[in-house]
Amino acid sequence: MTSTSVDREPPTPEPAGRADPEAAGPPAPAPPRPEPAARESVIRELGTLAHRLRLHHPPETPCTCGPPQLLADRPDGTVVRSGPVVAKAHAPDIDRDALAARLALASAPQLSGILLAPLTTPGPPDTAGAVPRPVTFWPYGTPVDPRDPDAAPWAEAAVLLARLHRTVSPLQLPAPPMRGPVKAARAVARMIAALPGDAAVLPVRTAWHALPAWARGEAAPPAARSGFLCHGDLHLGQLVRHPAPDGPWLLIDVDDAGQGDPAWDLARPAAWYAAGVLAPEDWLLFLDAYRSAGGPAVPAEGDPWPQLDVPARALTVQTAAVALAKCAAEGRVPDEMEQLMIDSCARIATFPPELAAGSAS
């Protein structure tokens, strides 16, 4: 698990267009960011816990390990690395039963070679910082190199998704719902809170409300499309090579994984392709690899967009909403790539509602 993949919002795609840049009903707002002192306490404690899980030193040997490295720090998760071990403190309000089920998925032999499996915890899992938070431990993996967009593993990502989507859940109880639509709804809520009454959000809100309720996290997805194991937040930052540095690619970060429409996992690259952010050859490489691996999200031949249309529109809205919220927080205007996604929402907002909402998925 790594800084680019564990816990941060998917980055805005690079200009080259190649590198990766729970319940139904309105989602709760994102957890508030802890005060600096509390954050530092969590970071220190995570570093200590991750270091404890490393190879043990003989008592008489001084420790020569480097200091822990902060990989990500967001309201919904803090991630710290100590050598080969990564510790993640999840959001204080996370559904712990659902998290346990997702960890069981990542640990299941049926998902070996698809999902990165967690490590054994060194102690009680809810003991990071002054406010108890669930803590999980993971092996470190080598992330996608954003400086080498030509080496982006689009085909490998597609094959992993196809294998995940074809896997029957090994859990005795039903897997929790895939949280992609809820995550998109939180992004829209974050945007509205950051820019109350601002006209800049109107195209994004209009595009959002043109989507069917299930794509907004307000209803269950269509029954025929809801029984597949999904990652829920696929982007290139969610892949690492393990064992590092050059092991096979694996999917990481199961916080949003569960049962749902597998088209959601193809929706972000589809949205980027439709917006002109992802190069056509990369999109076709991704789509062809997914189909060749027997992925069930789209037909093996023919037009994939009846299945991809609604999820791709939802991810377009999510990306634009996150961009506007970030711009508001940082006091800047959208950059070129962010503006492309915002403009895509403006185009979606002009479509008839039946076109924006209609989909076979």
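User: In this predicted model, is Asp256 buried or exposed, and what is its relative accessible area?
Analyst: Asp256 lies in the loop between strand E8 (249-251) and strand E9 (258-260). Leaving out residues up to four places away in sequence, Asp256 touches Arg102, Met178, Arg179, Lys183, His231, Gly232 and Asp233. Because buried means under 20% relative accessible area, Asp256 counts as buried, with a value of 2%.

User: Which residue meets the side chain of Asp256 in a salt bridge with an N to O distance of 3.4 Å?
Analyst: The partner sits in helix H4, whereas Asp256 belongs to the loop between E8 and E9, and the pair links distant parts of the chain, 73 residues apart. This partner is itself buried, with a relative accessible area of 18%. The residue that meets Asp256 in this salt bridge is Lys183.

User: Which residues are joined into one network by salt bridges that share partners?
Analyst: By the rule used here, the count comes to 12 salt bridges, and one of the pairs is Lys183 with Asp256. Salt bridges that share partners place this pair in one network, whose members are Arg179, Lys183, Asp233, Asp256 and Arg268.

User: How many residues apart in sequence are the parts tied together by the pair Asp255 and Lys88?
Analyst: Asp255 forms a salt bridge with Lys88, and the closest N and O atoms are 2.9 Å apart. Both residues are buried, Asp255 at 14% relative accessibility and Lys88 at 1%. Since Asp255 lies in the loop between E8 and E9 while Lys88 lies in strand E3, the pair ties together parts whose separation in sequence is 167 residues.

User: Is Arg147, which meets Asp145 in a salt bridge, buried or exposed?
Analyst: The side chains of Arg147 and Asp145 meet with an N to O distance of 3.1 Å. Asp145 counts as partly exposed at 31% relative accessibility. Because Arg147 has a relative accessibility of 73%, it counts as exposed.

User: Which strands stand at the edges of the open sheet with the order E5-E7-E8?
Analyst: This sheet has 3 strands with antiparallel pairing, and 3 bridges join strand E7 (residues 239-241) to E8, with Arg241 standing opposite Trp249 in E8. Helix H3 lies across E7 and E8, running at about 50° to E8. Each edge strand has a single partner strand, so one side of each is left without a neighbour in the sheet, and these strands are E5 (142-143) and E8.

User: In the open sheet of 4 strands, which residue of E4 is the bridge partner of Val85?
Analyst: The strands of this sheet follow the order E1-E2-E3-E4 with antiparallel pairing, and the edge strands are E1 (69-74) and E4 (135-139). Strand E3 (residues 85-90) is joined to E4 by 5 bridges. The bridge partner of Val85 in E4 is Pro139.

User: Which helix gives the most residues to the largest nonpolar core?
Analyst: In soluble globular proteins, nonpolar side chains tend to be buried together. The largest nonpolar core here has 80 residues, and Val204, Leu239, Leu251, Trp264, Leu266, Phe286 and Tyr290 touch the most other members. With 10 residues, the element that gives the most to this core is helix H8 (residues 305-330).

User: How far apart in space are Leu171 and Leu105, C-alpha to C-alpha?
Analyst: Leu171 is found in the loop between helix H3 (154-166) and helix H4 (180-194). Not counting residues up to four places away in sequence, Leu171 touches Ala101, Ala104 and Leu105. Although Leu171 and Leu105 are 66 residues apart in sequence, their C-alpha to C-alpha distance is 7.1 Å.

Key: Residues are numbered from 1 along each chain as its sequence is written. This is a predicted model: local features need pLDDT of at least 70, side-chain atom pairs count only at pLDDT 80 or more; totals for chains, interfaces and linings use all residues. Side-chain values use heavy atoms; hydrogens and water are left out. Helices (H or I, at least four residues) and strands (E, at least two) are DSSP runs, numbered from the N terminus. Buried means under 20% relative accessible area, exposed over 50%, partly exposed in between (1.4 Å probe, protein chains only). Contact means heavy atoms within 4.5 Å. A nonpolar core is a set of buried Ala, Val, Leu, Ile, Met, Phe, Trp, Tyr and Cys residues joined through side-chain atoms within 4.5 Å. Two strands pair if DSSP finds at least two bridges between them. Axes are lines fitted to C-alpha atoms, for helices over the stretch in contact, and angles run from 0 to 180 degrees between N-to-C directions. A salt bridge is a side-chain nitrogen of Lys or Arg within 4 Å of a carboxyl oxygen of Asp or Glu.
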